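Colleague: I have not looked at this model before. Please show it first, and then take my questions in turn.

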Amino acid sequence: MTASRPPSGAEELRGAGLRATAARVALLDTVRQGGHLGVEALASEVRRRIGHVSLQAVYDALNALTAAGLVRRIEPAGSPARYEGRVGDNHHHVVCRVCGAVADVDCAVGDAPCLTASESHGFTIDEAEVVYWGLCPACSPARST
């Protein structure tokens, strides 16, 4: 019996109804490997992998990937948009106030308890966005002992 393998980036794109271009495959792979990168960093890595691709093509592909649910766009206050490959769960983020580093944070208790609002105002809630702010280890002042 053969073990099933995870779908390739091209297969995932096609499964989401998108054309599997070299730029989109490289971009999807880069987002999933890079963790919370901005458009410029993503474009630079895609160019390193496949050669020339315009910044507009990267923006267009990111919009398509986000709309298809293959990547997630986050926008911490005061920062440009960043993209991540962790989708399908309701995790949150911690952001460094000094350097802008971003890391994932799982919900504090149980299965996405933050989706149970104290008042829904009639909305059907399907996502909550929580951003924790602080200083990353590299930017935290050294503690005296």
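Modeller: α2 and α3 are oblique to each other, because angles under 35 degrees count as roughly parallel, over 145 as roughly antiparallel, 65 to 115 as roughly perpendicular and the rest as oblique. This is a predicted model in which local features need pLDDT of at least 70 and side-chain atom pairs pLDDT 80 or more, while totals for chains, interfaces and linings use all residues. Residues are numbered from 1 along each chain as its sequence is written, and side-chain values use heavy atoms, without hydrogens and water.

Colleague: At what angle do the axes of α2 and α3 cross?

Modeller: Helix α2 covers residues 22-34 and helix α3 covers residues 39-50. Their axes (lines fitted to C-alpha atoms over the stretch in contact, with angles from 0 to 180 degrees between N-to-C directions) come within 9 Å of each other. The crossing angle is roughly 125°.

Colleague: How does α2 lie with respect to α4?

Modeller: Helix α4 is made of residues 55-67, and its axis comes within 10 Å of that of α2. The two axes cross at roughly 70°. That angle makes α2, relative to α4, roughly perpendicular.

Colleague: In what order do the elements of the protein run from the N terminus on?

Modeller: The protein has 4 helices and 6 strands (DSSP runs numbered from the N terminus, helices being H or I of at least four residues and strands E of at least two). Along its principal axes, its C-alpha trace spans about 50 × 40 × 40 Å. From the N terminus on, the order of the elements is α-α-β-α-α-β-β-β-β-β.

Colleague: What is the strand order in the open sheet with antiparallel pairing?

Modeller: Strands pair here if DSSP finds at least two bridges between them. The edge strands are β1 (37-38) and β2 (72-74), each pairing on one side only. With 3 strands in the open sheet, the order is β1-β3-β2.

Colleague: Which residue of β3 stands opposite Arg73?

Modeller: Strand β3 consists of residues 82-84 and runs antiparallel to β2. The two strands are joined by 3 bridges. Opposite Arg73, in β3, stands Tyr83.

Colleague: Why is one side of β5 and of β6 left without a neighbour in the sheet?

Modeller: These strands belong to an open sheet of 3 strands, ordered β5-β4-β6. The pairing in that sheet is mixed. β5 (102-105) and β6 (131-134) stand at its edges, so each has a single partner strand.

Colleague: By how much are neighbouring strands of this sheet turned against each other on average?

Modeller: The sheet in question has the order β5-β4-β6. For its neighbouring strands the average is given with direction ignored, and the turn is 25°.

Colleague: In which sense do β4 and β6 pair?

Modeller: Strands of a sheet pair through backbone hydrogen bonds, either parallel or antiparallel. Strand β4 comprises residues 92-96, and 4 bridges connect it with β6. One facing pair has His93 opposite Val131 in β6. The sense in which β4 and β6 pair is parallel.

Colleague: Which residue in β5 stands opposite His93?

Modeller: β4 and β5 run antiparallel, joined by 4 bridges. His93 also has a residue opposite it in β6, namely Val131. In β5, the residue opposite His93 is Asp104.

Colleague: Which residue takes a positive phi in the hairpin of β4 and β5?

Modeller: The strands of this hairpin are antiparallel. Between them there are 5 residues. A positive phi near 85° is taken in this hairpin by Gly100.
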